[in-house]
Structure formats: C-alpha cells, structure tokens
Amino acid sequence: MTAAVAPPAPGSHRLAAAHIGVAVAAFGVASAMGVLQGLSIADVNFPWRSESLYYLSVTAHGVLMALVFTTFFIMGLGYALAQATLGRITGRGAGWFAFWLAAIGSVAAAATILMGQSTVLYTFYPPLQAHPLFYIGATLLVVGSWIWGGVMIASYRAWRREHPGVPAPLPMHGMLATIILWYLATFGLAVEVVVMLIPWSLGWVATIDPVLARTFFWWFGHPLVYFWLMPAYVVWYNVLPRAAGGRLFSDPLTRMVFILFLLLSTPVGFHHQFADPGISAGWKLLHTFTTYAVLYPSFVTAFTVIASLEVAGRLKGAKGLFDWIGRLPWGDPLFASVALAMLSFTFGGFGGAINAAYAMNSMVHNTAWIMGHFHLVLGTTVALTFMGATYWLLPRLLGRDLRFPGLARAQPYLWFLGMVLFSISYHIAGLRGLPRRVYSAALSGADGARWHGLTEIAAVGGVILFLSALWFVIVVVATWVGGRRLATPATFEFAVPLRPVTAPGVWDRFGLWTAVAIGLVALAYAWPIAHLLMHPRFGSPPFKPF
Amino acid sequence: MHVELYERIWMWAAAGVIAVFLGTIVLTAGLHAIQPPSHIETIDPATLSQDPEFGDPKVTARPDGGVVVSVRAEMFSFTPDPIEVPANRPVTFRLTSADVIHGFEIVGTNANAMAIPGYVSQFTVSFANPGEYLIACNEYCGLMHHNMVGKLIVKEEAP
C-alpha cells in the first residue's frame, strides 16, 4: 500500500504533529488531576486537599482526557494516516483553521474549569450550570473536529477519483467509518448544547428539561466511546501485526467490523439511563439488544488480531501451540502497549456486558465499579493504545529517534500494573456499594468500613499510573526537542493481508451504510424523544452548588 | 467473502454467546418482571414544597401490607430520614428532586435509581434482611455530595 505513495514532502506531517502535541499536553495535565482524585477518595490528607479542588479535578480530568486528549490524538492520527496511505491532505488550510478553533475552544473550556466556574463534570448534566464559555468552548472543539472530518473525506474523495476500482486503503477505511460515526453521534450533542444548554446558560431561556438533555447527551456519549475505540482498532489491525512481523489475517472481516461499529454504536444510549425515569422499560430493553449486538465486532476483532499475531510468531519459527506468544516483540513500546491494551479489553469487555445487562445494572449503577470499568476500557484499552501509537508516530512525524527508549519500553508495563491495582479495587468497592465521584469514601463517617483498604490500594495504583504518565510525557517532550535527527525519516508501513482484497466490496459502500446507520438511530430514538416531548413537562432553573 | 474455517467457527460461537446473554435477560425480564426503574410521571419542581405528596414526604401503608415511601432529595439530604419499612413486604419508593439530579442507592441492595427534578422515579423492592442500611447519593450534586447520606431501617414484622 505504501509503495504506491510518493515520499512525503518535508513538513507534510506538521499538521498531524501539532495535534499529537496538544493531545499529549492535555493528557499530562489530566493525569495530574487524576492522581489528586485517587488520593482524595482514599482520605489521604495532602496539602490543599479540599472539596472544591476534588470536584474541579474530576471535571478537568474527564474533560481533558475524554474530550481533548482523545479528539486531538484521533485528528492527528487521521491526518498521519491520510498522508501515508493517500499521499495527500486535501484542504490543509482548513485543517489548520480547525486546529486553532479546537485548541482555542479547549483552552477556553479548560480555563473556566480551572477557575472553578464549571465544576459540572464531563457529563455536565443540567440543572447544574457551567460558565457559558464552557459550553461554547466545547462546541468549538467539536466544530473543529467536524472540519477535520471534512478534510479527511475530501482527501479520500480526491484519491478515489484517481484510483477508481481500488478498495479504500484499510487504515483509511477504518478512519472514514469513525468519521461518519462521529457526525452521527455529535448531532445529538449539538442539539443538547446549541439548542438547550447555551441559550439556558446565557439566560435567554429560564428552564431546561434534565431528562431530555441527558437523552441527547447519551445519544452522543456512547458512540463517543467508539469514536475512541475505532481509531485504536485501526492501530490494532494495521500497525500492530506489522510491528510484530506478521500479516493481517483477514481483510474483508476488518472492513466488516468497522461498518458494524458504524451501524451499532449509536442506537444504544439508554443503557446509560437504565436508572432514569421518563423512558419506558421496553425502549431500554431495545437498547440492551443493540448494546449486546455491538459486542459482536469486538469478538471478531479478538480473533482476527490475535490470529495475525500468531502468524507473526510462526513466521519467526514458532512450532508449538503457544510458543508463538513468546516470539512476539514484547520489548517494543508500540507492541507492548497494544498487547496490554487488548488484554485489558478482554476483562473490560465482559464488565461492559454486565453493565449493559438491563436488570443487573442496578447492582453497579453509579458505583465505583463504573470507574474501575471505564479505566480498563478507556483508560487502558484506548489510552495505552494511543500512547503506544505515539511512540510509533513520533519518529515518522518528526523524523527523530525516540529519546529514552528504556523508559518507553517500561512505561506500558508500569501503566498496566497501576491499572490492575486501581481497577480491581474499584470494581470490588463498587460491588460493595461505594458511590462513584466522592471527595471522601468515608461518606462523613457513614461508610461502615465496607471499602476500607480498597480505596487505599486504588490510590497506590493511581500514583503508579501518574508515574507512568509522567514517563510517557518525558519521552515525548525529550524526543520532540532532543531526539536524534534521522537521516531518512522512518516510513509508515502497514500490515499486509494474507489475501488482499482487490476490488471494492460491499463493506466499502459508505453511502449505503451511512443511510442504514441513520435509519437505526431514528428507530432507536424517534419515538422515545417524541413521547417525552408530548408529555407535560416542567423545566428546571440553573444551580451552581460549587 | 472468504472467511477461514476457524474464524467462521469463532464467529458463530460469538453470536451464540451473545444470544445466550440476551436470552437470559429477556427470560428474567419476562418471567420475573425484573426491569430497571422506568416510571413515566412528571411533577413541577418549582412548587414541590406545596405538593401534597412531596411537600412532606413520608411512609404510607398500602392495602396489601406493603408501604409506599415518598422521598424528596435535595442538596444535601433525603427526606424522610431515617426511613422505616417492614421486612419481606413490597416497598414502593417514589423519588423526586427539589433541585439538581441526585442518586438514591441503598447500599448492599439493588435499589438504585435517579432522582431527577421534574420527574418521579418509582420502583418496588422487598427487603429480606432486617437491619440498618446506608442510603447514598451516587450522582454528583455539588461540593457536599459525599455527605449526602441517609438511613433505611428494615424492621422485623410483628409476629
């Protein structure tokens, strides 16, 4: 695939690199906010510990990790893959405009959080009300990402005109599915923020319906998870087998998996609202079905990616049933990061099936179990993949060798260790009833020692995670400013399928699948939302208890 | 589309696992009426203090020997507190909020629902084990969120 593309002009990766830089900066600040929370929940009395600092840090950690770090990283990865597989970015100027728009929006939102005026958490459920700039800043970030999607699609279409009858390069196929999903998901967010929250925060309307706002939030909130996961899968399918020295096991199934994610990951939001009034049980059950259906492409991924790695081990001479595992490059930072990310996803995925289990959800809803869960699937599966991919991207984007390769090699293992301590403790504490997001797990003395010890172990895990994050940031910054310049920049090479697809098939028909995806979202949401709107409803005025 | 035999077996097995998961959920939901709290009823939060039910929320007897517990959640308390209910009887909780969104979690049980202003949450449970239970708010509601706790006392039935 790469052979057909001319070597990039110097500086052609500058746009991608700028995005990765912002992503890593957001990640660094967010990590510091994270460790403060872990210590506070465990009642470690560090200096400056206070309720307002705790809830402020929960908000900053969530917004910077979930919205800023991920979105900027994905935009950067997208540009890098477009340049590498299509040999172009069509609309570079628009790309830079979008970068600044998103960066300014993120800084504005983050500033209102750090000034203590938007302690509403990353879910910003009304009637908690943030500073108007919080909502406006977040909107600019999303508008920036919409322009990014447009540039990516324009690049693909320009390439497509010159290459009729050829299937989309596999890494681009995954990114395009991600972008279409993102438009579908952020439609719900745009309705919530632009139609409901911004006019209300500026005082133009007096009240807001919290359940309607939550419904639009989770229209966006679950596919948001897949907006992170799909680019991680792009790395697993296209970069990981190559780094391991193997081949991609199946090209058509890879395309099928990304299309299934596009179809199934939006009409599922009610599994975040099982405990909400205002939505009938039947619709919650329907969303349970689609939530379980979206497990399927991940099951298929487990086979395809692991089979690709087995091919790698066998190409290196493995003969027995399991000795191929030992021949994989466990000392390579990209490989180690992604392999550990996949391991976490095995456990996190099954935890997710429990969360989505309709009635069983009541045992874990809004408990520390949920924190344990999403730090496995997002804090490790996605974040560790992105960290590993950063190690892989930097020499290719900057033309510099990684500095401190020893730190980069050890860092993923340190992260995994910290997360095991953190996540297992919170899973157990959650089953024992510890509510999530509490300044002090003692609950003003009412806790009855149910989770003593567990929150302390989680805090130790949090400190280890912070150290690992610090190592990652040190490697990135040192590489950026002091990495040895490579005589020839490292090239982008992707896994070659065992049986390459030669003509565009049904999984390349993006127009068709977009139409089906819109139909499924309409099916899942049109009636419940119409039903809510027809019901006599009473809005809420704003509250700022922070 | 060419799919290797082993992968085809895996794909059918994965579909089977998902079918079993969903079948279990549908069976329990259907046979035992096990469902998440999904009541649809609205109420004006602005006039809650004059509301006949939530202005002075309390425990009231049901004709079948159970009780109805009306609960008003607000920053940073639950009313009534403590709540006294009989063991092994149907207990219907009705929740709403006077201000922001709160959570209502009876620790150690599966009673767990949101209290959302403008809406009434309703669900019915029964408690087999008498004793004292901790009620915790599990949705961030402001700087004293972690202090928002209450107590449930489940009393042995009179012989």
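User: How many residues do chain A and chain B each give to the contact between them?
Analyst: The model is predicted, with local features needing pLDDT of at least 70, side-chain atom pairs counting only at pLDDT 80 or more, and totals for chains, interfaces and linings using all residues. Residues are numbered from 1 along each chain as its sequence is written, while chains are lettered from A and ligands numbered from 1 in the order in which they are written. Two residues are in contact if their C-beta atoms, placed from the backbone, lie within 7 Å. On that basis the contact takes 62 residues from chain A and, from chain B, 57 residues.

User: Which element gives the largest share of the side of chain A that touches chain B?
Analyst: Helices (H or I, at least four residues) and strands (E, at least two) are DSSP runs, numbered from the N terminus. Those giving two or more residues to this side are H2 (51-86), H6 (210-238), H8, H9 (281-293), H10 and H13 (361-364) of chain A. The largest share is six residues, and it comes from H9(A).

User: How many charged residues are on the side of chain A that touches chain B?
Analyst: Ala, Val, Leu, Ile, Met, Phe, Trp, Tyr, Cys and Pro count as nonpolar, Asp, Glu, Lys and Arg as charged, and the others, Gly among them, as polar. This side has 37 nonpolar and 17 polar residues. The number of charged residues is eight.

User: How are helices H8(A) and H10(A) oriented to each other, roughly parallel or roughly antiparallel?
Analyst: Axes are lines fitted to C-alpha atoms, for helices over the stretch in contact, and angles run from 0 to 180 degrees between N-to-C directions. The axes of H8 (251-264) and H10 (295-315) of chain A come within 9 Å and cross at roughly 155°. Angles under 35 degrees count as roughly parallel, over 145 as roughly antiparallel, 65 to 115 as roughly perpendicular and the rest as oblique. The crossing angle of H8(A) and H10(A) therefore makes the pair roughly antiparallel.

User: Which residues of H10(A) meet H8(A)?
Analyst: H8(A) brings Leu253(A), Thr254(A), Val257(A), Leu260(A) and Phe261(A) to the contact. By class, the contact has seven nonpolar, three polar and no charged residues. The residues on the H10(A) side are Tyr296(A), Pro297(A), Val300(A), Thr301(A) and Thr304(A).

User: What is the hand of the crossing between H15(A) and H16(A)?
Analyst: H15 (405-431) and H16 (454-482) of chain A pack at an angle of about 155°, with their axes 8 Å apart. A crossing is left-handed if the near helix is turned anticlockwise from the far one by less than a right angle, and right-handed if clockwise. The crossing of H15(A) and H16(A) is left-handed.

User: Which helix gives the largest share of the side of domain 1 of chain A that touches domain 2 of chain A?
Analyst: Domain bounds come from an automatic or database domain assignment, which here gives domain 1 (13-166) and domain 2 (334-490) of chain A. Their contact takes 24 residues from domain 1 and 23 residues from domain 2. H1 (14-41) and H2 of chain A are the elements that give two or more residues to the domain 1 side. The largest share, 13 residues, comes from H1(A).

User: How far apart are the C-alpha centres of domain 1 and domain 2 of chain B?
Analyst: In chain B the assignment gives domain 1 (1-35) and domain 2 (45-155). The distance between their centres is 37 Å.

User: Which strands stand at the edges of the open sheet of chain B?
Analyst: Two strands pair if DSSP finds at least two bridges between them. Five strands form this sheet in the order E4-E10-E9-E6-E7, with mixed pairing. A strand with a single partner strand has one side left without a neighbour in the sheet, so the edges are held by E4 (83-86) and E7 (112-115).

User: Which residue of E10(B) is the bridge partner of Tyr133(B)?
Analyst: E9 (131-136) and E10 (149-155) of chain B pair in the antiparallel sense over six bridges. E4(B) also pairs with E10(B), by four bridges in parallel, and there Ile83(B) stands opposite Leu152(B). The bridge partner of Tyr133(B) is likewise Leu152(B).

User: What is omega for the cis peptide bond that joins Asp81(B) and Pro82(B)?
Analyst: Pro82(B) is found in the loop between E3 and E4 of chain B. The omega of this cis bond is about 0°.
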